[in-house]
Amino acid sequence: MNFGYLIVVASNNDIDYLKLAYALALSIKNTQKPGYDKVALVIDNPQLVDNLKSPWVFDHVIGWNKETHWDGRSWMDQLSPFENTVCLDADMLFLRDYSHWIDYFIENCELYIPSKAFTYRGETITNDFYRKTFTKNSLPNLYSMFTFFKQESELATEFFNLGRYIIKNPVEFSNLYLAKHKPKVVGTDEAFALSAKILDISDIISYDLEFPKVVHMKPMIQNWAWTADKVTEHAGFYFNTQGNLKIGNYQQNSIVHYVEKDLVNDEIVSMLEEIAWNKN
Amino acid sequence: MEQELMDFDEWIKLPVNQTIEYYATFKDDGALIGVYPSHAVADIPNKIKIDDEVATLITTGAENLFSYKVDIPTKKLVKLNKFSTHSLIKIDDILHRVIDKKWSNVQDPDIIILHNAKNNTLTFSMSDKYSNDIVWDGATEMIFLVTDYNDPNVLIHMLSIRAGDITENTKSFALDLPTRFSVYTRRIFDKYIFETT
């Protein structure tokens, strides 16, 4: 089996995406079984990785600067060194072993993108506060933050090629397909959803599964009776030395997409490092 | 006889004493009534001389009369510090984790918690800026929760301290503490810091 996780980051003046990717890679190493814990990092400045205390958490470091910010993820199929890949957003944490699901994906899917996300209390997110473009234009509700694909899949290649074309031509595609509610930016989620809709493969690549259960910490979709700028204004983020995470008083077992980039600070990174060092 | 007036240009050049001394008048219980220049309170018995700086703060509205009172036995003006200096809005205000100095950018903390790992003691102290002639107003209890490391759901100890206890002194607790733990509190002051020695 040739499987690994792919994280694509680029330099940014405000956010240290490498630190987020490093924390995610540590959490993968700490929780996944051997053989299911490979991580490849795509970064515009690979030298920065040498400054990390444990650069070995990245099994592959790929220098690439063709795109900036999140657009780089749309090139995941061409950047991954693995035959089977899950591409992740950098601002996520793994909290337990999910490797049995990887076996399922490898056996049954060429391309899989989840269409559900969850609140920190485990409720399915139904609020479309951040996804008006999807509901108004009847796009499949894809979350590209966890995208499984096979390198040799023609379906995946066609899907990613169209996704990239959409990102490169946002105005034309918005006018044609997203006229009922145009997004400010045609990001990876919108491009992938539109690509799936145009290719009419939504049901093939995003059917209902119990995994991945990604907790999405955008504030306005937490089923709260009040508005919020940040989840952590109302619920604490408690990561402990065993690598367990509570949000408020809810123990998290799923993958957490924490969104607020400053949540994973040097202290949490040091805890993740300590766990990794003790494990190895 | 007609009075001879001084030449205006000479009169305007005459030195004038510009120094004004300010006095605060107060009730029998020490509550302030007003702030006046010295010549306006010549006949008032309950008065106390105050610094120009304090007078300016009050007269310009930066502070009000209720921010101060006269300590009757010592006849000194004392500042009444509003106990809660921080608005409780976020969860981090209601349940604020005191961050270890190692990980914190906090400069000039208001409250310092010192952990002596050898003696297993926690010592609480307050910034020197609160030590001069301050009287704390209202209920001043501060509750500190000693919990599992970064998990306030697991409570180990609950400590209660009054602000006055640590305004000019420190307060120590000998406790049975695990190797790693966290301290949480209601965020009354802006800046807290935790330090291990």
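## Chain B as a whole

In chain B of this predicted model, residues 24 or more positions apart account for 64% of the contacts with a separation of 6 or more. The secondary structure of chain B consists of 4 helices and 14 strands. Of the 197 residues in chain B, 19% are buried.

Chain B is assigned two domains: domain 1 covers residues 19–81, and domain 2 covers residues 91–196. Taken over C-alpha atoms, the centres of domain 1 and domain 2 of chain B are 34 Å apart.

## The hairpin of β1 and β2 in chain B

Strand β1 of chain B, residues 22–26, is joined to β2(B) by 5 bridges, and the two strands run antiparallel. One of the paired positions is B:F26, whose bridge partner in β2(B) is B:L32. The hairpin has 5 residues between its strands, and B:G30 takes a positive phi near 100 degrees there.

After β2 (32–37) of chain B comes a loop that leads to β3 (47–50), and B:S38 is located in this loop. Is B:S38 buried, exposed or partly exposed? A residue is buried if 20 or more other C-beta atoms lie within 10 Å of its own, and exposed if 12 or fewer do. B:S38 has 13 C-beta neighbours inside 10 Å, so B:S38 counts as partly exposed. Not counting residues up to four places away in sequence, B:S38 touches B:E21 and B:Y23. B:N119, by contrast, is 81 residues from B:S38 in sequence and 56 Å from it in space, C-alpha to C-alpha.

## Strand β13 of chain B and its partners

Strand β13 of chain B spans residues 181–185 and is mostly covered, with 4 of its 5 residues buried. Which residues of other strands pair with β13(B)? On strand β6, B:R97 stands opposite B:Y184. B:D148 has B:F181 as its bridge partner in β13(B).

The bridges can also be counted strand by strand. Strand β6 (residues 96–97) of chain B is joined to β13(B) by 2 bridges. Strand β10 (residues 141–148) of chain B is joined to β13(B) by 5 bridges. The pairing is antiparallel for β6(B) with β13(B), and also for β10(B) with β13(B).

## Where chain B touches chain A

The two chains are in contact through 11 residues of chain B and 14 residues of chain A. On the side of chain B that touches chain A, the largest share comes from strand β11 (residues 151–162) of chain B, which gives 3 residues. By type, the residues on this side of chain B are 5 nonpolar, 2 polar and 4 charged.

## Helix α6 of chain A

Helix α6 of chain A covers residues 170–177, and its buried residues are A:F173, A:S174 and A:Y177. Why do these residues lie on the same side of α6(A)? They cover an arc of only 100 degrees around the axis, and therefore share one side of the helix. An α-helix has 3.6 residues a turn, so residues three or four places apart point the same way.

The other side of α6(A) holds exposed residues: A:V171, A:E172, A:N175 and A:L176. The buried residues of α6(A) pack against two helices of chain A, α5 (154–168) and α7 (188–199).

The loop between α6 and α7 of chain A contains A:A179. This residue has 10 other C-beta atoms within 10 Å, so A:A179 is exposed. A:A179 and A:N278 are separated by 99 residues in sequence and by 54 Å in space, C-alpha to C-alpha.

## The open sheet of chain A

In chain A, 3 strands form an open sheet with antiparallel pairing, in the order β9-β10-β11. Which strands stand at the edges? They are β9 (237–239) and β11 (250–252) of chain A; each has a single partner strand, so one side of each is left without a neighbour in the sheet. From one strand to the next, the twist averages 25 degrees.

Strand β10 of chain A, residues 245–247, is joined to β11(A) by 3 bridges. Within this antiparallel pair, A:K246 stands opposite A:Q251 of β11(A). In a regular strand the side chains alternate between the two faces of the sheet.

Conventions: Residues are numbered from 1 along each chain as its sequence is written. Chains are lettered from A and ligands numbered from 1 in the order in which they are written. This is a predicted model: local features need pLDDT of at least 70, side-chain atom pairs count only at pLDDT 80 or more; totals for chains, interfaces and linings use all residues. Two strands pair if DSSP finds at least two bridges between them. Axes are lines fitted to C-alpha atoms, for helices over the stretch in contact, and angles run from 0 to 180 degrees between N-to-C directions. The arc is that of the directions from the helix axis to the C-beta atoms. Two residues are in contact if their C-beta atoms, placed from the backbone, lie within 7 Å. Domain bounds come from an automatic or database domain assignment. Ala, Val, Leu, Ile, Met, Phe, Trp, Tyr, Cys and Pro count as nonpolar, Asp, Glu, Lys and Arg as charged, and the others, Gly among them, as polar.
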